[in-house]
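Please work through the exercises below with the sequence and the coordinates at hand. Each task is followed by a solution in steps.

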Amino acid sequence: MPPIKSFGERIADALVEDGLLTLEQVQELLEQQKKEGTRLLKLILEKAYVSEQDMAVSMGRVLNTPPINLSRLMIPPEVAELVPREMARNHKVIPVSRLENKLFLAMADPLNVLALDDVRRITRLEVSPLIAAEKAIIDKLNHIDASKSGSMEDIISDARMKGDVDPDAENVEVSKETIEEVNLDQLAASSEEAPVIKLANLILLQAVKDRASDVHIEPFEKTLRLRYRIDGVLVDATPPPKQMQLALASRFKIMSSLDIAERRLPQDGRLRIRVAGRDYDLRVSIMPTVHGEKIVLRLLDKSNLSASIDKLGLDPDTFQQFKAAIDAPHGLILVTGPTGSGKTTTLYSALNELNNPIYNIITVEDPVEFQVPGINQVPVKKEIGLTFANALRSILRQDPDIIMIGEIRDTETAEIAVEAALTGHQVLSTMHCNDAPGAIARLDDMGIAPFLISSSVILSCAQRLMRRICSHCKEPVTYPPKMFQDLGIDPSIFDGCTLYRGHGCERCKNSGYLGRLAIIEAMTITDEIRKLIIARASSREMGKVAIGQGMRTLRMVALDRVRDGVSTLEQVLVLTAAH
């Protein structure tokens with residue numbers, strides 16, 4: 001008698017029948033499941049082999065439960081309110097319609113008997129389950145909550161009706177002498193008024209909903225501008241009224257424990273918000289400009305951190321190099337790239353891999369971006385003399401095994417990092433330069449002796465974040481020959497491949513892209529490259545040797561992603577340079 005298959009294995013079989021999974025992938029997943037003890041369905045989604053919507057359809061077929069696509073469905077408010085919001089979020093359910101005594105309930109897990117019992121008890125209705133993707137349910141709940149809190153226009157209109165925003169105030173000119181004369185008590189009180197609180201909350205909620213990494217609130221002479229950075233690109237949003245500028249700035253200062261009286265000097269703070277059951281840390285930066293204070297909020301979502309480096313989506317060769325460097329007993333690992341290229345996230349993923357009670361792990365950062373249990377994290381405070389270099393000197397007296405330096409910016413920090421790597425510590429850090437060989441040249445420019453660089457550095461990486469094609473509006477595309485000429489590549493490398501682009505839809509705000517993925521160029525410091533470092537060879541020469549030894553450049557990795565149908569040639573052109 002054959003063994004009874006688990007629910008996950010039955011779903012995997014259905015996905016194979018539907019042509020969404022291969023038998024090889026299922027075998028690989030089953031082996032990983034045995035090793036890690038993770039649920040099979042979770043592994044399938046983590047590996048991104050199948051979308052949540054496709055998974056829901058196959059699960060529905062196995063369970064004989066109809067699937068439903070919530071993104072195209074308008075749910076009447078009176079139906080959505082039948083189940084308390086906290087219960088809906090806990091059980092991952094949402095009511096979609098009611099027919100007399102029957103309630104149709106979208107569920108991420110139709111086998112959740114407790115959820116069905118709770119909904120029956122609360123609504124006193126007969127419940128008919130439908131299956132939907134978990135993310136789709138959460139997105140729909142967030143959308144309903146956002147629409148309830150009102151739009152920017154609703155809040156502004158409400159404020160005008162209450163007299164909080166004077167429509168004639170735009171025509172009032174304030175002389176330079178009176179700009180600083182603001183009643184602080186009045187300012188603090190205005191920041192606690194309902195329209196300002198609603199407006200600040202709406203700005204933050206919209207940022208989370210749009211997956212923004214940064215929020216920019218910028219003052220100009222007669223207007224305010226609100227922009228969100230989504231997938232690396234700034235996008236305009238409906239701006240708040242100019243008259244709420246001071247109150248809004250004060251609100252964010254109060255939320256992040258900053259001084260509302262100080263409006264002439266830059267200030268930095270932090271705050272934490274909870275949206276849809278998830279915590280988000282925000283870094284708040286306030287900068288005085290000619291027309292008032294510019295506010296930039298950076299959202300730090302812990303869910304972006306990978307549990308280990310194998311979840312970063314690296315190609316097999318790069319993964320092996322990264323893994324070998326992480327497993328080395330000592331040495332310096334450098335990750336380079338421009339601001340916002342995901343360097344810190346990659347290093348934290350490596351630290352998660354190393355996070356073990358047998359190691360003493362200490363980081364020094366400016367500022368601490370993600371707080372991780374089990375790791376000692378030191379924030380730099382230049383105003384009291386706690387610089388990277390000073391912190392590192394103390395850290396070396398704390399018996400560390402692994403040290404992460406947020407960024408090597410100066411010669412002093414570089415010297416201590418190299419010294420630590422040479423004295424038996426594993427050191428991870430970031431630098432600002434364009435490619436993997438460039439990090440070696442940068443250390444040389446900082447005055448580090450070539451023989452020390454060659455002995456301490458074991459891996460140098462360059463990283464970028466590449467925009468991912470929106471899966472909801474993905475379509476085949478044929479590129480003109482000029483595109484291949486501009487990229488300097490042979491079109492024949494795409495023979496037998498279908499290239500794609502995003503047409504643009506509501507999900508991706510007509511951009512054609514939804515989300516980003518990391519592309520990494522990894523250069524292992526081999527004996528040949530050590531000789532070139534000591535000979536002070538140029539970055540180009542080092543790069544040529546590394547490529548000959550199997551290094552895949554950013555350009556090569558990016559083109560692989562295009563061949564896989566994950567990104568576009570335009571992104572290759574924007575992100576990478578020809579080698």
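The exercises concern a predicted model and treat a sheet, an aromatic pair and a charge over a ring.

**Exercise 1.** Determine the strand order of the open three-stranded sheet and identify its edge strands.

*Solution.* The order of the three strands is 1-2-3, and the pairing is mixed. Strand 1 (93-99) and strand 3 (126-131) each pair on one side only, which makes them the edge strands. On average, neighbouring strands of this sheet are turned by 30° against each other, direction ignored. Six bridges join strand 1 to strand 2 (residues 102-107) in the antiparallel sense. Within this pairing, Leu103 in strand 2 stands opposite Arg98.

**Exercise 2.** Establish which strands helix 7 touches and what angle its direction makes with that of strand 2.

*Solution.* Helix 7 (residues 113-123) packs on the sheet and touches strand 1, strand 2 and strand 3. The angle between the directions of helix 7 and strand 2 is about 145°.

**Exercise 3.** Classify the pair formed by the rings of Phe484 and Phe494, and locate both residues.

*Solution.* The count comes to one aromatic pair. The ring centres of Phe484 and Phe494 are 6.0 Å apart. Their planes stand at 45°, and planes under 30 degrees apart would count as stacked, over 60 as edge-to-face; the pair is therefore tilted. Phe484 belongs to helix 19 (residues 481-487), whereas Phe494 lies in the loop between helix 19 and strand 17 (500-502), so the pair ties together parts ten residues apart in sequence. Both Phe484 and Phe494 are buried.

**Exercise 4.** Find the ring over which the charged end of Lys474 sits.

*Solution.* The charged end of Lys474 sits over the ring of Tyr500, at 4.7 Å from the ring centre.

Notes. Residues numbered from 1 in each chain as written. Predicted model: local features only at pLDDT ≥ 70, side-chain atom pairs only at ≥ 80, totals over all residues. Heavy atoms only, no water. Pairing = 2+ DSSP bridges. Helix = DSSP H or I, 4+ residues; strand = E, 2+ residues; numbered from the N terminus. Axes fitted to C-alpha atoms, helices over the stretch in contact; angles between N-to-C directions. Contact = heavy atoms within 4.5 Å. Phe/Tyr/Trp six-rings, centres within 6.5 Å; stacked < 30°, edge-to-face > 60°. Buried < 20%, exposed > 50% of the residue type's maximum accessible area, 1.4 Å probe, protein only. Lys NZ or Arg CZ within 6 Å of the ring centre and 35° of its normal.
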